[in-house]
Amino acid sequence: MAKYQELADSIIKGDNVKSKDIARKLVDEGVPAVEILNDGLMPGMDVVGKKFKANEFYIPEVLIAARAMHAAMDIIKPLLSESGTDTKGKVIIGTVRGDLHDIGKNLVGMMLEGGGYTVIDLGADVPAEKFVEEIKKNGVKLIGLSALLTTTMIGMKTVIDILKADKETVDVKVMVGGAPLNQEYADSIDADGYAPDASGAVDLANELLS
Ligand code: B1M
């Protein structure tokens with residue numbers, strides 16, 4: 001549909017004013033936030049990824065596309081997270097050490113909030129020790145690790161190994177996700193679960209904490 005193409009184009013062009021305006025207009029028209037995300041924002045970011053891979057886009061273009069994506073996500077965030085009271089407990093999320101990609105992780109956080117969890121977001125490039133420290137401080141039973149690079153996903157194993165070696169954290173569940181991952185990789189590092197996308201992360205959290 002034309003309105004989604006316009007939104008996708010604003011991401012590709014890195015126009016954060018336009019992406020925000022279009023997202024706000026769509027929200028005002030009553031378009032569901034998930035539709036805005038799946039039919040406008042994600043296809044836009046997909047094109048950016050393809051252009052980046054083909055060397056048609058370089059880091060600055062990708063950064064401004066990410067800024068435009070964040071601007072539109074700020075508009076839909078309250079709708080994605082609107083289920084109200086947090087009753088299901090706390091979840092810590094973060095992108096592992098050395099990895100600056102945070103868009104997918106932010107989406108996972110929004111969806112978890114929408115699913116009724118209190119989310120403690122440690123951000124990107126998070127050292128393993130920081131996850132452990134925050135788990136202990138907050139008495140958290142589930143964490144979500146994100147990685148977008150084949151070179152950083154091994155950092156998930158570092159976190160899991162530290163948690164499993166400490167009797168205070170051995171029972172903490174770990175779910176993992178990010179574009180280069182799959183179930184097989186998650187199994188190989190002893191993660192408790194893998195979710196391919198943000199809504200899958202909510203189902204997985206429910207399952208792991210049930
Ligand atoms: Co980067 N980058 N990047 N980048 N970047 C990728 C990941 C890449 C695939 C591009 C490409 O070559 N086609 C490639 C990785 C190749 C590889 O490792 N095999 C790549 C590279 C190489 C790099 C640099 C090394 C480039 C360089 O410097 N030469 C560099 C690394 C920097 C670093 O992290 N140390 C780099 C830098 C950057 C920017 C900073 C410019 C920017 C990030 C900005 C930001 O995040 N604030 C950026 C971007 C934007 C991308 C692409 C274009 C888009 C990523 C994205 O946001 N997608 C990406 C190409 C691509 O993926 N198409 C690329 C949208 C997002 C919603 O999807 O994050 O996959 P995603 O999240 C999904 C699922 O994966 C899942 O749910 C989300 C929504 O459904 N999910 C989870 C994610 N985390 C989850 C956790 C869960 C469950 C599900 O449970 C806990």
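Which element gives the largest share of the lining of the largest pocket? Helix H3 does, with 11 residues. The views below come from a predicted model.

**View 1. His101 at the cobalt atom of the ligand.** His101 is the only protein donor of the cobalt atom. Its NE2 atom lies at 2.2 Å. His101 sits in a loop. That loop runs between strand S1 (90–95) and helix H5 (103–114).

**View 2. Polar contacts of the ligand with His101, Asp102 and Thr150.** Two side chains and one backbone are shown here. An N or O atom in the side chain of His101 is 2.8 Å from a nitrogen atom of the ligand. For the side chain of Asp102, an N or O atom is likewise 2.8 Å from a ligand nitrogen. Thr150 uses its backbone: a polar atom there is 2.9 Å from an oxygen atom of the ligand.

**View 3. The shell of 35 residues around the ligand.** Gly98, Leu100, His101, Asp102 and Ser146 come nearest. By class, the shell holds 21 nonpolar, 10 polar and four charged residues.

**View 4. The ligand in the largest pocket.** The ligand takes up the space of the largest pocket. Two or more residues of the shell around the ligand come from each of helix H3 (33–53), helix H4 (59–80), H5, strand S3 (142–146), strand S4 (173–177) and helix H9 (198–209). The pocket has about 1500 Å³ of space.

**View 5. The lining of the largest pocket, built from 46 residues.** His101, Ile103, Gly104, Leu148 and Ala179 lie nearest the pocket centre. His101, the donor to cobalt, is thus named among these central residues. H3, H4, H5, S3, S4 and H9 each supply at least two lining residues. H3 gives the largest share, 11 residues. The lining divides into 29 nonpolar, 11 polar and six charged residues.

Methods:
Residues are numbered from 1 along each chain as its sequence is written. This is a predicted model: local features need pLDDT of at least 70, side-chain atom pairs count only at pLDDT 80 or more; totals for chains, interfaces and linings use all residues. Side-chain values use heavy atoms; hydrogens and water are left out. Donors are N, O and S atoms within 2.8 Å of the metal (3.2 Å for Na, K and Ca); water is not among the atoms, so sites may look incomplete. Helices (H or I, at least four residues) and strands (E, at least two) are DSSP runs, numbered from the N terminus. A residue is near a molecule or strand if one of its heavy atoms lies within 4 Å of it. A polar contact is a pair of N or O atoms within 3.5 Å; within protein, one must be able to donate a hydrogen and the other to accept it, and residues adjacent in sequence count only if both atoms are side-chain atoms. On a 1 Å grid over the protein atoms alone, a cavity is a set of points where a 1.4 Å probe fits but cannot get out, and a pocket is an open set with protein on both sides within 12 Å along at least five of seven lines; lining residues have an atom within 4 Å of a point. A molecule sits in a cavity or pocket if more than half of its atoms lie within 2 Å of its grid points. Ala, Val, Leu, Ile, Met, Phe, Trp, Tyr, Cys and Pro count as nonpolar, Asp, Glu, Lys and Arg as charged, and the others, Gly among them, as polar. Grid points are joined across faces, edges and corners, and a volume is the space filled by probe spheres set on the points.
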